[in-house]
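Visitor: I am new to this structure and would like to be shown around. Where should we begin?

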Amino acid sequence: MKPFELERATDRAAAIAAAAASPTAQQGASIRFLAGGTTLVDLMKLGVEQPERLVDINRLGLEGIEEHRDGGVRIGAAVTNSDLAQHPLIKQRYAALSEAILAGASTQLRNVATTAGNLLQRTRCVYFRNIATPCNKRELGSGCPAIEGANRMLAILGTSAACIATNPSDTAVAMMAYDASVHVEGVSAARSIALKDFYLLPGDRPDRENVLRPGDLVTHVTLPPPPLGEKSAYLKLRDRASYEFALVSTAAAVVVSNGKIMSARFALGGVGTRPWRVPEAEGALIGQPAAEESFRRAADLVLTNAKPQSQNAFKVELAKRCMLETFKRAWR
Amino acid sequence: MSAQNPDAAKEDRLLPVTMVVNGEKRELRVDPRLSLLDCLREILHLTGTKKGCDHGQCGACTVHIHGRRANSCLALAAVQDGREIVTIEGLGSPGRLHPMQAAFLEHDAYQCGYCTSGQIMSAVALLKETCGATDDDVREFMSGNICRCGAYSNIVAAVQQVRRTQSEKGEP
């Protein structure tokens, strides 16, 4: 691992000021915040991340899960994945989020990994993680061997000629479906970013993955209150039953009344370069009977623009079946 | 200055850390790069914790931090200041084994033994987690510990025996 300095931040302003000296908050950042470290330390060992300085943000009071008086929830950036998944409010009102978290990683990792860290985790594309191979996300302009190479796990939606890497987070998929917002403090005023606007498509700059700027510190994530009577579920399909990244996953939250769909929110993981949500497909479900044909049509809409890679054409049909099964689990 | 005396530059980067390891207070100065795993093995000579993948994938390095299991290979020693660490050495010793260690012996829950300390640290933590009652539940909760020898069925048997004994005694 490349030598680095470690600064133990004692207040947010100092942490933000320290990190703001990095030329970027994206790939190639010279300064990184360190929370759980389960992604960052791993990538530093691989040489994928080579920060000169880490700012330890474990003592900034970013913990805590609080119910908002409107019925929503505020989740501290440093809340561990385990604590979030097991929280009674999350299990009761945001079941798909609890299920999504528990479908990811292992207990050891979830005990340490944090909420913001999970949202910011990096792709598992083997070329990104191997510094002996080219990768446009890791080293812009070096090329993308995945397009003609090992792409079975990679994306079929939101890809570009430069990058087809999948966003690996389960948590982000559920949070996307629940209309989460990411709250950030930075060198200028604090701001909120809807999660749907947080992640960037790769385009010709796959090294940029989100809208964070140098010094931006994610302080918490909020979920608005779910509509009355909403039921949700998360389903993850993978090569092993446990401790594996998704081939396809779906978080679905629906309200069904008198056999009709009143509200539908859903997002897909494992298929997109970012957690994938299609508002048009959700809109098409409103007022329709809560029956297989309706959900099948919505699934077709979501996958309309899918561009399978050489090894993962199976994901198109798998994604549709995954969505269908998740809807069934949610509404029954 | 650092060109003339590289050791002095290195010394500058060392950070003071105080942690309680197996009940004993340890005051150290560590390189920021040092993992908790390497700290335990190379500096504190607690070699019961094993290095497998060194990337948080195999679970051989599992220890308890503040009573919760974690992969010590992905934890930097320098950020453990003030934390309580328990390793396999702190769980039991020959003659006074932790019930989980005794159950692993009884059920022959290992072959080569390399993953065993991590398996046992996970299994002990599992006793206080919200794991369901079935063997499949145990398999899910133990999936972060890989055993190349394939001793999984005996590991599940050992974990289940300790859980049964606990519930008969009325322990949580």
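Guide: We may begin with a term: two residues are in contact if their C-beta atoms, placed from the backbone, lie within 7 Å. Please also note that this is a predicted model.

Visitor: Leaving aside neighbours within four places in sequence, which residues is Ala174(A) in contact with?

Guide: With those neighbours left out, Ala174(A) is in contact with Ala96(A), Leu97(A), Ala100(A), Tyr234(A) and Ala251(A).

Visitor: And how many residues does the largest nonpolar core have?

Guide: The largest nonpolar core has 156 residues. Ala174(A) is among those with the most contacts inside this core, together with Ile57(A), Ala96(A), Ala177(A), Ala251(A) and Ala252(A).

Visitor: Where does this core lie with respect to the domains of chain B?

Guide: Domain 1 (11-91) and domain 2 (99-167) of chain B both give residues to the core, so it lies between them.

Visitor: How far apart are the C-alpha centres of those two domains of chain B?

Guide: The C-alpha centres of domain 1 and domain 2 of chain B lie 22 Å apart. The contact takes 15 residues from domain 1 of chain B and 13 residues from domain 2 of chain B.

Visitor: Which element gives the most to the domain 1 side?

Guide: Strand 3 of chain B does, with three residues on the side of domain 1 that touches domain 2. By class, that side of domain 1 of chain B has six nonpolar, six polar and three charged residues.

Visitor: Changing topic, how many residues of chain A are in contact with chain B?

Guide: There are 22 residues of chain A in contact with 25 residues of chain B. Strand 1 (5-8), helix 2 (40-46) and helix 6 (107-110) of chain A each supply at least two residues of the chain A side. That side of chain A comprises nine nonpolar, nine polar and four charged residues.

Visitor: One more thing: what span should helix 12 of chain A have?

Guide: Helix 12 (residues 292-303) of chain A has twelve residues and, at 1.5 Å a residue, should span 16 Å. Its end C-alpha atoms are 17 Å apart, which agrees.

Visitor: Which of its residues are buried?

Guide: The buried residues of helix 12 of chain A are Phe295(A), Ala298(A), Ala299(A), Val302(A) and Leu303(A). Seen down the axis of helix 12 of chain A, the buried residues fall within an arc of 130°, so they line one face of the helix.

Visitor: What do they pack against?

Guide: The buried residues of helix 12 pack against strand 11 (260-269), helix 11 (279-283) and helix 13 (314-331) of chain A.

Conventions: Residues are numbered from 1 along each chain as its sequence is written. Chains are lettered from A and ligands numbered from 1 in the order in which they are written. This is a predicted model: local features need pLDDT of at least 70, side-chain atom pairs count only at pLDDT 80 or more; totals for chains, interfaces and linings use all residues. Helices (H or I, at least four residues) and strands (E, at least two) are DSSP runs, numbered from the N terminus. Ala, Val, Leu, Ile, Met, Phe, Trp, Tyr, Cys and Pro count as nonpolar, Asp, Glu, Lys and Arg as charged, and the others, Gly among them, as polar. Domain bounds come from an automatic or database domain assignment. A nonpolar core is a set of buried Ala, Val, Leu, Ile, Met, Phe, Trp, Tyr and Cys residues joined through C-beta atoms within 7 Å. A residue is buried if 20 or more other C-beta atoms lie within 10 Å of its own, exposed if 12 or fewer, and partly exposed in between; C-beta atoms are placed from the backbone. The expected span of a helix is 1.5 Å times one less than its number of residues. The arc is that of the directions from the helix axis to the C-beta atoms.
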